[in-house]
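Trainee: I have a new model on the screen. Walk me through it, please.

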Amino acid sequence: IFAVEARYPHVGSRDFSRGLTSEQFSFHTADLTLPAPQVLALDSAPVEVAGASQGAVPLLLRWPYPQELSSQLVLQYRSAMPVQPGRGRYQVLMWNCIHPSACVQAQLRSVDDEPMQLRVLRLNLQDCTAVQLRVVLPRGSGSTASPPSAWFCPQPPSRPQGMKLRLAVDGSGGGIKALMSWEQFRAPRHAEELGAVACAVQHDFDRGNGPCATRFQVRLRMEGQIWEELQPQLLPRPRKDVTQQREAESYEWSLQDPRLATLGQLEVQMRHGNAILWSSWSESSRLSVGLEAPRPVGALLLEEVTPYCVSLCWPPFASSAQLPLEYRVQCRESDNDRELAWHTVGVLEATGESDAFLRHKLKFLRPEKSYQFAIECRYQSLPAVPGRLETTQIQLGPRQFPNSSGA
């Protein structure tokens with residue numbers, strides 16, 4: 001039964017009138033159009049996928065069919081292959097039925113109800129360039145088939161090659177970062193003229209279903225610890241300074257992580273992925289990370305000593321990285337053989353590139369007190385990482401004012 005309601009727009013909850021009402025009717029037949037199965041990325045849903053059998057890469061499928069209909073459906077695939085290498089003509093093979101044991105229901109890791117039906121497909125398609133899927137519902141002497149899925153490459157992208165790591169200074173934030181560079185085999189160039197099937201395959205491949213990687217993922221660990229996987233990211237643009245004649249494209253990406261300031265060995269691995277599959281992890285690359293605490297290279301001197309003020313002078317500290325340094329002038333006074341705690345009386349910032357002596361003048365000293373001074377130095381961009389950058393102090397013994405004269 002259908003009805004038409006009429007009301008005044010934008011007038012709150014006014015009453016309305018049902019002016020037109022149809023008579024009850026029904027159709028004895030219905031037009032059933034099956035949606036196509038959709039290939040998803042394995043990391044897009046919380047599913048449990050057991051180890052793949054030899055030569056069979058697991059594919060995650062969205063299965064948009066009710067339970068009572070799934071037992072009647074037959075999953076099929078067909079493949080497309082180039083007629084000749086380098087030519088824009090593809091040959092499409094016949095549809096083949098997939099055995100029900102090769103497509104099983106996925107087990108969700110989450111305990112919550114998941115409305116999306118998922119299946120895991122394991123099929124050996126090593127020799128196929130592109131594959132499509134569909135489902136068929138047998139009906140008596142005929143059958144009803146869903147539209148085919150998008151063309152996709154059934155093999156994962158090649159894993160990263162030639163990965164290199166090095167430490168660098170972050171020009172924007174003033175910290176340290178790890179620069180990662182690696183290569184990916186260049187995709188073969190398209191033929192100038194593409195046939196109808198080749199054009200459709202290339203269109204779907206350009207959307208991320210092809211053999212070339214469109215994203216990457218990094219995992220890292222310190223020596224003796226477990227792996228930590230970072231979030232996947234889109235593949236950066238290839239480097240422009242690489243010669244176009246090479247068979248591989250070169251990429252570069254920077255990593256900022258607190259572990260870069262920890263002394264030790266950092267182990268990094270990477271993998272490539274497209275819209276549906278991930279490659280295997282690359283070989284490990286190791287990098288010695290961590291910063292030694294800035295160390296003094298000279299003595300702390302006293303200049304312009306008067307009963308009420310004094311100037312402190314010291315050479316710049318030596319550091320293992322070209323990072324801005326922060327100097328904290330500390331003072332401690334003693335009275336009647338009782339020493340008080342250290343407290344900061346001044347802060348200086350330096351780039352670490354100058355060799356000129358640094359100076360700081362202290363005023364309003366009391367002649368009857370005995371003072372002790374120290375300089376604490378740390379990296380300006382990493383000031384609050386306890387236990388990672390130990391401070392180094394230069395101390396000068398207690399001096400009585402105004403009796404002391406000079407450094």
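Mentor: Terms first. Strands here are DSSP runs of E with at least two residues, and helices are runs of H or I with at least four, numbered from the N terminus. Keep in mind that this is a predicted model.

Trainee: OK, that open sheet of 4 strands. What's the order?

Mentor: S3-S5-S11-S9, with antiparallel pairing. The edge strands are S3, residues 38-40, and S9, residues 103-105. Each of those two pairs on one side only.

Trainee: And what does the twist average?

Mentor: It averages 40° from one strand to the next.

Trainee: How many bridges join S3 to S5?

Mentor: 3 bridges, and the two strands run antiparallel. S5 covers residues 57-62. Look at Val39: it stands opposite Leu61 in S5.

Trainee: Now S6. Which way does S6 run against S12, parallel or antiparallel?

Mentor: Antiparallel, with 7 bridges joining the two. S6 is residues 74-82 and S12 is 130-139. For a register point, take Val74, whose bridge partner in S12 is Val136.

Trainee: How many bridges go with S8?

Mentor: 2, again in the antiparallel sense. S8 is just residues 96-97. Gln76 stands opposite Cys97 there.

Trainee: And how many join S6 to S7?

Mentor: 3 bridges, running antiparallel, with S7 at residues 90-92. Ala80 has Val92 as its bridge partner in S7.

Trainee: Switching to the inside. Which residues touch the most other members in the largest nonpolar core?

Mentor: Met180, Trp182, Val218, Trp314, Tyr327 and Phe373, out of 43 residues in that core. Strand S28, residues 370-379, gives the most to it, with 5 residues.

Trainee: Which residues does the second, separate core include?

Mentor: Among its 24 residues are Val39, Leu61, Trp63 and Leu137. So the Val39 and Leu61 that stand opposite each other in the sheet are both members of this core. In soluble globular proteins, nonpolar side chains tend to be buried together.

Trainee: Any holes? How many cavities of 30 Å³ or more?

Mentor: There are 2. The largest has a volume of about 50 Å³.

Trainee: Which residues line the largest cavity?

Mentor: Val57, Leu59, Leu121, Arg122, Leu123, Leu125, Pro154 and Gln155. S5 and S11, residues 118-123, are the elements giving two or more lining residues. S11 provides the largest share, 3 residues.

Trainee: How do those lining residues divide between nonpolar, polar and charged?

Mentor: 6 nonpolar, 1 polar and 1 charged.

Trainee: Pockets next. What volume does the second largest pocket have?

Mentor: About 230 Å³.

Trainee: What lines the second largest pocket?

Mentor: One stretch of the lining is Pro37, Gln38, Val39, Leu40 and Ala41. Then come Ser149, Ala150 and Phe152. Arg207, Asn209, Ala275 and Ile276 complete the list. S3 and helix H2, residues 196-209, each give two or more of these residues.

Trainee: Where does the largest share of that lining come from?

Mentor: From S3, with 3 residues. By class, the lining has 8 nonpolar, 3 polar and 1 charged residues. So note Val39 once more: it lines this pocket and belongs to the second core.

Trainee: Backbone oddities now. What is the phi of Glu304?

Mentor: About 50°, a positive value although Glu304 is not a glycine. Glu304 is in the loop between S22, residues 301-303, and S23, residues 310-314.

Trainee: Buried or exposed, that Glu304?

Mentor: Exposed, because its relative accessible area is 53% and the cut-off for exposed is over 50%.

Trainee: Where does Phe364 lie?

Mentor: In the loop between S27, residues 358-362, and S28. Its phi is near 60°, positive in a residue other than glycine. Phe364 counts as exposed, because its relative accessibility is 76%.

Trainee: Last one, Leu220. Which strand is that in?

Mentor: S16, residues 215-222. Leu220 counts as buried, because its relative accessibility is 1%, and buried means under 20%.

Trainee: How many residues apart are Leu220 and Arg259 in sequence?

Mentor: 39, while their C-alpha atoms are 9.9 Å apart in space.

Terms used: Residues are numbered from 1 along each chain as its sequence is written. This is a predicted model: local features need pLDDT of at least 70, side-chain atom pairs count only at pLDDT 80 or more; totals for chains, interfaces and linings use all residues. Side-chain values use heavy atoms; hydrogens and water are left out. Two strands pair if DSSP finds at least two bridges between them. Axes are lines fitted to C-alpha atoms, for helices over the stretch in contact, and angles run from 0 to 180 degrees between N-to-C directions. A nonpolar core is a set of buried Ala, Val, Leu, Ile, Met, Phe, Trp, Tyr and Cys residues joined through side-chain atoms within 4.5 Å. Buried means under 20% relative accessible area, exposed over 50%, partly exposed in between (1.4 Å probe, protein chains only). On a 1 Å grid over the protein atoms alone, a cavity is a set of points where a 1.4 Å probe fits but cannot get out, and a pocket is an open set with protein on both sides within 12 Å along at least five of seven lines; lining residues have an atom within 4 Å of a point. Grid points are joined across faces, edges and corners, and a volume is the space filled by probe spheres set on the points. Ala, Val, Leu, Ile, Met, Phe, Trp, Tyr, Cys and Pro count as nonpolar, Asp, Glu, Lys and Arg as charged, and the others, Gly among them, as polar.
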